[in-house]
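Grab a viewer and something to scribble on. Here are a few exercises to work through with the model open.

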Amino acid sequence: MKYFLMSVLMTTSLSILLSCNATTESGELEWRDGWVRAMPPRSAMTAAYGELRNRSSVTLELTAFDSSAFAAASLHQSMVEDGVSRMREQTHVQIAPGEVLTLEPGGMHLMLMRANREISAGDEIEIGVSIGDKRFSFELPVVAR
């Protein structure tokens, strides 16, 4: 029992540290004020929001997103064209040193598609962000908004 509790404590501490900041050889990526919109019943998708901040001295190119709770995750930009609201996938996004990429409803956002379990307010969702062959991991709360 003692070893089990120690293992749980170490795993939880490591998860908290990883969700705060992730560091690569080229610098740091931070996700501030991140949250995932709670899903209505029988819905298959939702979105994640917040601020991705480049805390390094080099430009970071975000090349892929993933989540253990969803079959697919991709960055989209909402826009209105000819009076019609549309979303366009963004396959590569760069964040200059010291800059912030804002993910917000009605703008740039991370689409989370085909949930592999029920997602409810109060849950935490793991999201991965890839920069080349480096992967950052973040835990975001699910919020009813």
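Three exercises follow, each with a worked solution.

Before you start: this is a predicted model, where local features need pLDDT of at least 70, side-chain atom pairs count only at pLDDT 80 or more, and totals for chains, interfaces and linings use all residues. Residues are numbered from 1 along each chain as its sequence is written, and side-chain values use heavy atoms, with hydrogens and water left out.

**Exercise 1.** Place S67 and find what surrounds it.

*Solution.* Start with the strand: S67 sits in β5, residues 64-67 (strands are DSSP E runs of at least two residues, numbered from the N terminus). Next, burial: S67 counts as buried because its relative accessibility is 7% (buried means under 20% relative accessible area, exposed over 50%, partly exposed in between, with a 1.4 Å probe and protein chains only). Then look at contacts (heavy atoms within 4.5 Å): beyond four places in sequence, S67 touches A73, L112, I125, E126 and I127. Its C-alpha is 7.4 Å from that of I125, 58 residues away along the chain.

**Exercise 2.** Which salt bridge does R135 form with D66, and what does the pair tie together?

*Solution.* Check the distance: N to O is 2.7 Å (a salt bridge puts a Lys or Arg side-chain nitrogen within 4 Å of an Asp or Glu carboxyl oxygen). R135 lies in strand β12 (residues 134-143) and D66 in β5, so the bridge ties together parts 69 residues apart in sequence.

**Exercise 3.** Is E126, another salt-bridge partner of R135, buried or exposed?

*Solution.* First, the closest N and O atoms of E126 and R135 are 2.5 Å apart. Then, accessibility: E126 is buried at 15%, while R135 is partly exposed at 43%.

Notes:
Helix = DSSP H or I, 4+ residues; strand = E, 2+ residues; numbered from the N terminus.
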